[in-house]
Amino acid sequence: SGLRILLFVEAEDLKAWRWEWLCAPVDGGAWSLLGQDQRTPFAIYLPSLTDRWFPPIGRQQMRALVVISNPADPGGRYGLGYFDAPAAAERLLSIFSGSMPSTILARGVGEGVPDIDRLVWQLTNGRPEGPYTVLHLVCHGRLNRDDGETTIFLEHPGDQALPQPISGSDLIARLRPVARLPYLVFLSCC
């Protein structure tokens with residue numbers, strides 16, 4: 001049912017070519033651009049450094065974990081501004097409703113405080129129907145221009161919503177042991 005092509009290019013000088021301009025004889029006749037034929041599935045494959053296997057999923061397996069972190073910043077230590085976390089949760093739930101079951105992890109709005117331990121726990125144990133396929137993070141972030149390290153600000157699990165800075169390296173290290181990682185991580189950071 002349709003033409004399927006898997007093309008893996010190893011030669012570095014060929015990787016810059018515009019492969020969406022590739023032509024082939026479609027329907028046994030004239031040559032045409034494969035990128036313009038809607039019957040031809042086409043994707044550019046970028047190899048990853050991970051050795052993880054992500055089995056194919058369909059619409060029924062789509063589940064989102066939405067993490068919304070808006071910690072207080074007493075004394076302005078981190079320079080974090082306020083944003084309306086409940087309004088962000090409401091907006092995202094309205095976007096996902098009907099199309100994808102979603103769980104909110106936000107202080108006072110969802111399944112608990114958006115700290116790193118709760119995030120990892122939720123990814124590991126949170127959905128009896130199956131693992132999360134999307135992780136959507138809404139939080140403050142920062143780039144350290146000196147070393148190129150990024151930081152996101154989650155919240156400490158205590159009563160006060162104090163910042164819990166997590167470096168990108170630490171976040172990756174904490175997520176690495178999770179058996180079924182999300183297929184997509186969307187960072188909405190300012």
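## Exercises on a predicted model

Leu-65 is found in strand β3. The model is predicted. Work through each exercise with the structure open.

### Exercise 1: Place Leu-65

Decide whether Leu-65 is buried or exposed. Then find how far Leu-65 is from Leu-137 in sequence and in space.

Solution.
- Step 1. Take the relative accessible area of Leu-65, which is 0%.
- Step 2. Apply the cut-off: buried means under 20%. Leu-65 is therefore buried.
- Step 3. Turn to Leu-137. Leu-65 and Leu-137 are 72 residues apart in sequence. From C-alpha to C-alpha they are 8.4 Å apart in space.

### Exercise 2: Describe the fold

State how many helices and strands the chain has, and in which pattern they follow along the sequence.

Solution.
- Step 1. Count the elements: three helices and eight strands.
- Step 2. Read along the sequence. The pattern is β-β-β-α-β-α-β-β-β-α-β.
- Step 3. Add the burial. The chain has 190 residues, and 34% of them count as buried.

### Exercise 3: Build the largest nonpolar core

Find how many residues the largest nonpolar core has, and which have the most contacts inside it.

Solution.
- Step 1. Start from the general idea. In soluble globular proteins, nonpolar side chains tend to be buried together.
- Step 2. Give the count. The largest nonpolar core has 18 residues.
- Step 3. Name those with the most contacts inside this core: Leu-65, Val-67, Leu-119, Leu-123 and Leu-154.
- Step 4. Trace the elements. At least two residues each come from β3 (64–68), α2, β5, β6 and α3.
- Step 5. Pick out the largest share. Helix α2 supplies it, with four residues.

### Exercise 4: Find the salt bridges

Say how many salt bridges there are. Explain which parts of the chain each one ties together.

Solution.
- Step 1. Recall the principle. Side chains of opposite charge can pair when their charged atoms come close.
- Step 2. Use the cut-off: nitrogen to carboxyl oxygen within 4 Å. The count comes to two salt bridges.
- Step 3. Take one pair, Arg-107 and Glu-155. Their side chains meet at 2.6 Å, N to O. Arg-107 lies in the loop between β4 (102–106) and α2 (116–125), and Glu-155 lies in strand β6, so this pair ties together parts 48 residues apart in sequence.
- Step 4. Compare the exposure of the partners. Arg-107 has a relative accessible area of 27%, so it is partly exposed. Glu-155, at 2%, counts as buried.
- Step 5. Take the other pair, Arg-174 and Asp-117. Their side chains meet at 2.8 Å, N to O. Arg-174 is in helix α3 and Asp-117 in helix α2, so the pair ties together parts 57 residues apart in sequence.
- Step 6. Check exposure again. Arg-174 is partly exposed at 32%. Asp-117 is partly exposed at 45%.
- Step 7. Return to Arg-107. Its C-alpha atom is separated by 9.4 Å from that of Pro-157, 50 residues apart along the chain.

### Exercise 5: Explore the largest pocket

Give the volume of the largest pocket. Then describe its lining.

Solution.
- Step 1. Think of the method. Rolling a probe the size of a water molecule over the atoms shows where empty space is left.
- Step 2. State the volume of the largest pocket: about 710 Å³.
- Step 3. Look at the lining of 26 residues. The closest to the pocket centre are Ile-172, Leu-175, Leu-181, Pro-182 and Val-185.
- Step 4. Find the elements. Those giving two or more residues to this lining are β5 (134–143), β6 (150–155), β7 (163–167), α3 (168–175) and β8 (184–189).
- Step 5. Sort the lining residues: 15 nonpolar, seven polar and four charged.

### Exercise 6: Check the cysteines

Explain why Cys-189 is in no disulfide.

Solution.
- Step 1. Begin with the total: the structure holds zero disulfides.
- Step 2. Find the nearest cysteine sulfur to Cys-189. It belongs to Cys-139 and is 3.6 Å away.
- Step 3. Apply the cut-off. A disulfide needs sulfur atoms within 2.5 Å, so Cys-189 is in none.
- Step 4. Add the exposure. Cys-189 is partly exposed, at 35% relative accessibility. Cys-23 is also partly exposed, at 35%.

### Exercise 7: Locate Gly-126

Say where Gly-126 lies, and whether it is buried or partly exposed.

Solution.
- Step 1. Place Gly-126 in the loop between α2 and β5.
- Step 2. Its relative accessible area is 23%, so Gly-126 is partly exposed.
- Step 3. Turn to Glu-111, 15 residues apart from Gly-126 along the chain. Their C-alpha atoms are separated by 9.3 Å.

Technical notes
Residues are numbered from 1 along each chain as its sequence is written. This is a predicted model: local features need pLDDT of at least 70, side-chain atom pairs count only at pLDDT 80 or more; totals for chains, interfaces and linings use all residues. Side-chain values use heavy atoms; hydrogens and water are left out. Buried means under 20% relative accessible area, exposed over 50%, partly exposed in between (1.4 Å probe, protein chains only). On a 1 Å grid over the protein atoms alone, a cavity is a set of points where a 1.4 Å probe fits but cannot get out, and a pocket is an open set with protein on both sides within 12 Å along at least five of seven lines; lining residues have an atom within 4 Å of a point. Grid points are joined across faces, edges and corners, and a volume is the space filled by probe spheres set on the points. Ala, Val, Leu, Ile, Met, Phe, Trp, Tyr, Cys and Pro count as nonpolar, Asp, Glu, Lys and Arg as charged, and the others, Gly among them, as polar. A nonpolar core is a set of buried Ala, Val, Leu, Ile, Met, Phe, Trp, Tyr and Cys residues joined through side-chain atoms within 4.5 Å.
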